[in-house]
Amino acid sequence: MTISRRTALRVIAACVGASTLTLAAFSAQAQDRKITLGFAQVGAESAWRTANTESVKSAAADAKINLKFSDAQQKQENQIKAIRSYIAQKVDVIAFSPVVESGWEPVLLEAKAAKIPVILTDRNIDVKDKSLYVTMIGSDFMEEGRRGGRWIEDHYKNDKGPVNIAELQGTVGSAPANDRHSGLIEVIKNDPKFKIIASQSGDFTLAGGKQVMEAFIKTYGNKINLVYAHNDDMALGAIQAMEEAGMHPGKDVTVVSFDATKGGFQAMAAGKMNVDVECSPLLGPQLMSAVKDVVAGKPLPKRILTEETVFPMSVAAQTLPTRKY
Ligand code: AHR
């Protein structure tokens, strides 16, 4: 009886008791060949995303991992298609940054059936069965929202209010939009002087942030005391809209943002943004190390957290030259 190389590898894997080692992963090790990683990116919506893509690509090259990369243009169906194509191509590992939190079970069950391990980066998903992915590498968006909320509380501690907040939300249904909103609410909910008077998605883009802010200004004008933008691109768009309307962002309207990109720092150094809550896109090296560990059959923690901080405008000019993204 002749057996295929794949079957032989399966038998060897069973013999060495490699219960957590996938067939694909075992094959890569046994054949001492390059690991192939299929990465399904969200899109190119922001400066953060561009830096994240560069980080993933350069870390893959440094780690000598063969990277298959796709850009979903902010559409979940494109990401699902990309993941299916990686399954069909029998890659060793699939990683993706999910556009939205829900709706992933069917395609992840397909990856599981094909014994291809899945790693989440940047954004989390909402699934009951946590065995559908190996680990999640990225920020705690809820904590980022709380950090923004705590900064706001402190900034207005001697102010009776009201503090009218206009919120520029990220992509509808995405983890950072859901959590940065919830984190803020958790902190300010018991203080009636804070009121969210307007809240709408600008899809994490500069153009979206500008357009939504123009509409907010038309409806609420000078009633807006604070803009809470879920990322720097939308904050920068809102700043443009406010300046065109003769308002003074950073002075008569407080601007709170997320990411801490160079663009955010430049706006803070120019006195137009008051605080930037850091969210690091430089996840590539951690991802490649996790990919190698998965292939080697090493256990990984279910959650790998990124370390981040908060930058008020007072440190912007001195910190700007050290920013990497
Ligand atoms: O998921 C991370 C978020 O997505 C970043 O805050 C934002 O800029 C990006 O588009």
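Helices and strands here are DSSP runs, numbered from the N terminus. The model is predicted.

**Stop 1: two loop residues with positive phi**

Select alanine 260. It sits in the loop between β9 (254-259) and α10 (262-269). Its phi is near 65°, a positive value in a residue other than glycine. Is alanine 260 buried or exposed? At 0% relative accessibility, alanine 260 counts as buried.

Now select lysine 64. Look for lysine 64 in the loop between α3 and β2. Its phi is near 60°, again positive in a residue other than glycine. Lysine 64 has 59% relative accessibility, so it counts as exposed, the cut-off being over 50%.

**Stop 2: the sheet**

Show the strands β2, β1, β3, β4, β5 and β11. They form an open sheet of six strands, in the order β2-β1-β3-β4-β5-β11, with parallel pairing. The edges are β2 (66-71) and β11 (303-305), and each of these pairs on one side only. From one strand to the next, the twist averages 20°.

**Stop 3: strand β1**

Zoom in on residues 36-41, strand β1. β1 pairs with β2 in the parallel sense, over six bridges. Color threonine 36 and asparagine 66 together: asparagine 66 in β2 is the bridge partner of threonine 36. Then take glutamine 41, which stands opposite aspartate 71 in β2.

Which way do the residues of β1 point? Thr36, Gly38 and Ala40 point one way, Leu37, Phe39 and Gln41 the other, and all are buried. With six of its six residues buried, β1 is therefore largely enclosed by the rest of the structure.

Add helix α3 (residues 47-62). α3 lies across β1 and β2 and runs at about 160° to β2.

**Stop 4: a cis peptide bond**

Jump to proline 162, in the loop between α6 (141-155) and β6 (163-169). Check omega for the bond from glycine 161 to proline 162. This peptide bond is cis, with omega near 0°.

**Stop 5: a helix pair**

Select α8 (residues 206-220) and α9 (residues 232-244). Their axes come within 7 Å and cross at roughly 40°. The two helices are therefore oblique to each other. The crossing is right-handed.

Which residues of α8 meet α9? Show Leu206, Gly209, Lys210, Met213, Glu214 and Ile217 as sticks. On the α9 side, the residues in contact include Asp233, Met234, Leu236, Gln240 and Glu244. The residues of the contact divide into eight nonpolar, three polar and four charged.

Conventions. Residues numbered from 1 in each chain as written. Predicted model: local features only at pLDDT ≥ 70, side-chain atom pairs only at ≥ 80, totals over all residues. Heavy atoms only, no water. Axes fitted to C-alpha atoms, helices over the stretch in contact; angles between N-to-C directions. Helix = DSSP H or I, 4+ residues; strand = E, 2+ residues; numbered from the N terminus. Parallel < 35°, antiparallel > 145°, perpendicular 65-115°, else oblique. Left-handed = near helix turned anticlockwise from the far one by under 90°. Contact = heavy atoms within 4.5 Å. Nonpolar A, V, L, I, M, F, W, Y, C, P; charged D, E, K, R; others polar. Pairing = 2+ DSSP bridges. Buried < 20%, exposed > 50% of the residue type's maximum accessible area, 1.4 Å probe, protein only.
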